[in-house]
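Colleague: Please explain the terms used for this model, and show how each value meets its definition.

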Amino acid sequence: KHLRRAYDPPLRFHAYESPVKPFFFLANHLNNKDIVIAEDTAAWVIPAITGARIVAPQKGNPLITAEINVRRQSVNSFLYRPLSTRERVAIVRRYRVTHILLDENDSNPPDHTLMRDLALMATPEVRNGKIVLYRITI
């Protein structure tokens, strides 16, 4: 007797959902020449999935700890502090940022002035649910 459909087990015992799965789409939009500014919980997966670099790596070289701390402060200011457009443009140019990644699932929303500045310095390239990748246009 032949089965008309593939066996479909009634229970799923191992329903592990990878925390990086929502970011897989980035592999089609970023490469090893891109530099992304993103907050820590979203940024750590970018180099592994795409080969792109991030402004503030989570695990830095112990010989340049001061530089890593400055970069983390810059990312934090860029995303969460009320900066002027000129200050944000300076950060983008200093680190040669090509993309901005925002995760709307983040419990700490970006400052409203960032949303204002995004309209002036970037365009949305792709969205996957609540994760948005912007391309710098300045």
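The following dialogue treats the empty spaces and then the sheet.

Modeller: This is a predicted model, in which local features need pLDDT of at least 70, side-chain atom pairs count only at pLDDT 80 or more, and totals for chains, interfaces and linings use all residues. Residues are numbered from 1 along each chain as its sequence is written, and side-chain values use heavy atoms, leaving out hydrogens and water.

Colleague: What makes a space a cavity, and what makes it a pocket?

Modeller: On a 1 Å grid over the protein atoms alone, a cavity is a set of points where a 1.4 Å probe fits but cannot get out, whereas a pocket is an open set with protein on both sides within 12 Å along at least five of seven lines; lining residues have an atom within 4 Å of a point. One cavity of 30 Å³ or more is present, and its lining includes Val36, Ile37 and Ala43. The largest pocket has a volume of about 150 Å³. Among the residues closest to its centre are Leu102 and Asp103.

Colleague: Why are β2 and β4 said to stand at the edges?

Modeller: Strands are DSSP runs (E, at least two residues), numbered from the N terminus, and two strands pair if DSSP finds at least two bridges between them. The five strands form an open sheet in the order β2-β1-β3-β5-β4, with mixed pairing. β2 (53-54) and β4 (122-128) each have a single partner strand, so one side of each is left without a neighbour in the sheet.

Colleague: How do you know that β1 and β3 pair?

Modeller: Two bridges join β1 (residues 35-37) to β3 (residues 99-103), and these strands run parallel; the definition of pairing is therefore met. Within this pair, Ile37 stands opposite Ile100 in β3.

How values were computed:
Grid points are joined across faces, edges and corners, and a volume is the space filled by probe spheres set on the points. Helices (H or I, at least four residues) and strands (E, at least two) are DSSP runs, numbered from the N terminus.
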